[in-house]
2 protein chains.
Amino acid sequence: MPPYHHGDLRRAVLAAAVDAITEHGPAGVSLRDLARRVGVSHAGPVHHFKDKAGLLTALAAEGYALLADALNATRAETDSFVELGVTYVRFALRHKAHFEVMFRPDLLHTDDPALARARDRAGAELAGGVEALGEKRTGEQRTAGVAAWSIVHGFATLWNTGNLDSGENPEELAHRVAAMLFGDD
Amino acid sequence: MPPYHHGDLRRAVLAAAVDAITEHGPAGVSLRDLARRVGVSHAGPVHHFKDKAGLLTALAAEGYALLADALNATRAETDSFVELGVTYVRFALRHKAHFEVMFRPDLLHTDDPALARARDRAGAELAGGVEALGEKRTGEQRTAGVAAWSIVHGFATLWNTGNLDSGENPEELAHRVAAMLFGDD
DNA sequence: CCCAGAACTTGTCAGCGACAAGATTGCGGG
DNA sequence: CCCGCAATCTTGTCGCTGACAAGTTCTGGG
């Protein structure tokens, strides 16, 4: 018999949620199923997340943190804006579950402070990249930023929903697409 | 007492679903609630859609049809590719519920023939636009098409999830964004 | 050592989707 | 005209779910 206290239930449930969402999408996930997967009673997870939305909010926050880290890392080793876009796409494809949840405000507690913090951090990395780009293209900062975010986000979304699939290497295709918008690096 | 036969229950349920999804997102919708809104017993809608996924599939198909019509109409009056992109965005903002459901394959019967037909029609309109564009830019047809779809789709998604909002006129912003990718018209 | 609170369980409730079986209605063939 | 049949809608039920309440077990700080 497993011990009464799980040890790190919170992390375990989050991990199970990632698996479940990756398989069946955010709609096909129940707290009770996650509890079962983790070997805990049906109300165990509630204590850590309060809500189903609370669980997904925690997942989204984790996602923004991962994204911020990834963006930060590539900004450290290159100032290629295209490369930053590819990093965004790579994150979305590698962390499909996190990415899906991050952009479903109807499933989240959008006012959660931890979520806001993580999102702002990721936003700052993105904005920093746009700013660096601005040295080349003055004016239209806002438009350029929106365009950049739109194109990588759209690509990631379309790929993840199976609308772009055609045997190609997604990262390479993403690179060519991003390069169409900004320069040739 | 209302008559036993509703008259056009199918259409009524679809309309109610649009309202409900627009308000609460696709997750916050139940067949039973739609049945109540329409004034019909809890199992009424089932007969017309078989499934909850069936209902959403019908909605998605309707969405693709509307999109195809819209794209076709603007292709008839201009060959500006940017304008075609703005039409895509305008559709997504005006028909938020349809648009959301169209790109959630985990909620749909993706193999539904009516859905496939409608989707193909919309895809053909889009592809036609890209082809016309190809007269200007040879080669890279595939890349250009993906880039165009990505940027308008990303813009629409980000706007609809509240990530771009800042008091600006979305269509005008979309126009500037699309123009960054292709030409200046 | 002990006890306050954190971590987890058990029990319960209403709402949901799916299904089955029955009631009502309109419609086409005779 | 009417009969029967199929489409449409209702009623009833099942297992599952999220939320909540109350109880049980563990753990760490004083």
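User: What distance should the 20 residues of helix H8 (residues 141-160) of chain B span, and how far apart are its end C-alpha atoms?
Analyst: The structure is a predicted model, and the values given here are computed from it. At 1.5 Å a residue, the expected span of H8(B) is 28 Å. The expectation agrees with the model, because the end C-alpha atoms of H8(B) are apart by 28 Å.

User: Is H8(B) mostly covered or mostly uncovered, by its count of buried residues?
Analyst: A residue is buried if 20 or more other C-beta atoms lie within 10 Å of its own. H8(B) has 20 residues, and the number of them that are buried is 14. On this count, H8(B) is mostly covered.

User: Which residue with a positive phi follows H8(B)?
Analyst: The phi in question is near 80°. The residue that follows H8(B) with this positive value is Gly162(B).

User: Which residues of the largest nonpolar core touch the most other members?
Analyst: The largest nonpolar core holds 110 residues. For one of the residues asked for, the contacts beyond four places in sequence include Val177(B), Ala178(B) and Leu181(B) in chain B. The contacts of that residue also include Ala147(A), Ser150(A) and Gly154(A) in chain A. The residues that touch the most other members are Ile151(A) and Ile151(B).

User: How are chain A and chain B related in space?
Analyst: Chain A superposes on chain B with an RMSD of 0.0 Å. The operation is a rotation of 180° with a shift of 0.0 Å along its axis. The two copies are therefore related as by a two-fold rotation axis.

User: What percentage of the contact residues of chain A recur in chain B?
Analyst: Both copies are served by the same surface. The recurrence of the contact residues of chain A in chain B is 97%.

User: Which element gives the largest share of the side of chain A that touches chain B?
Analyst: In the contact between the chains, 29 residues of chain A meet 28 residues of chain B. Two elements of chain A give two or more residues to this side, namely helix H8 (141-160) and helix H9 (170-181). The largest share is 13 residues, and it comes from H8(A).

User: How many residues on the side of chain A that touches chain B are nonpolar?
Analyst: The division by class gives two charged residues and ten polar residues on this side of chain A. The nonpolar residues number 17.

User: Which helix gives the largest share of the surface near DNA strand D?
Analyst: DNA strand D is surrounded by 20 residues, and the closest of them include Ser30(A), His6(B) and Ser41(B). By class, this surface has eight nonpolar, eight polar and four charged residues. The largest share, three residues, comes from helix H2 (residues 31-38) of chain A.

User: Which helix gives the most to the surface near DNA strand C?
Analyst: Around DNA strand C there are 20 residues, with His6(A), Ser41(A), Ala43(A), Gly44(A) and Ser30(B) the closest. The surface near DNA strand C has four charged residues, eight polar and eight nonpolar. Three residues, the most from one element, are given by helix H2 (residues 31-38) of chain B.

User: Why does Pro170(B) count as partly exposed?
Analyst: Pro170(B) lies in helix H9 (residues 170-181) of chain B. Beyond four places in sequence, Pro170(B) touches Leu93(B) and Trp159(B). Burial requires 20 or more other C-beta atoms within 10 Å, and exposure requires 12 or fewer. Pro170(B) counts as partly exposed because its C-beta neighbours inside 10 Å number 18.

User: How many helices and how many strands make up the secondary structure of chain A?
Analyst: The pattern along the sequence of chain A is α-α-α-α-α-α-α-α-α. Of the 185 residues of chain A, 39% count as buried. The secondary structure of chain A comes to nine helices and zero strands.

User: Where is Lys50(A) found, and what is the sign of its phi?
Analyst: Most residues other than glycine have a negative phi. Lys50(A) is not a glycine, yet its phi is about 75°. Lys50(A) is partly exposed, because the other C-beta atoms within 10 Å number 13. Lys50(A) is found in the loop between helix H3 (46-49) and helix H4 (52-77) of chain A, and the sign of its phi is positive.

Terms used:
Residues are numbered from 1 along each chain as its sequence is written. Chains are lettered from A and ligands numbered from 1 in the order in which they are written. This is a predicted model: local features need pLDDT of at least 70, side-chain atom pairs count only at pLDDT 80 or more; totals for chains, interfaces and linings use all residues. Copies are superposed by least squares on the C-alpha atoms of residues with pLDDT of at least 70 in both. Two residues are in contact if their C-beta atoms, placed from the backbone, lie within 7 Å. A nonpolar core is a set of buried Ala, Val, Leu, Ile, Met, Phe, Trp, Tyr and Cys residues joined through C-beta atoms within 7 Å. Helices (H or I, at least four residues) and strands (E, at least two) are DSSP runs, numbered from the N terminus. Ala, Val, Leu, Ile, Met, Phe, Trp, Tyr, Cys and Pro count as nonpolar, Asp, Glu, Lys and Arg as charged, and the others, Gly among them, as polar. A residue is near a molecule or strand if its C-beta atom, placed from the backbone, lies within 6 Å of it. The expected span of a helix is 1.5 Å times one less than its number of residues.
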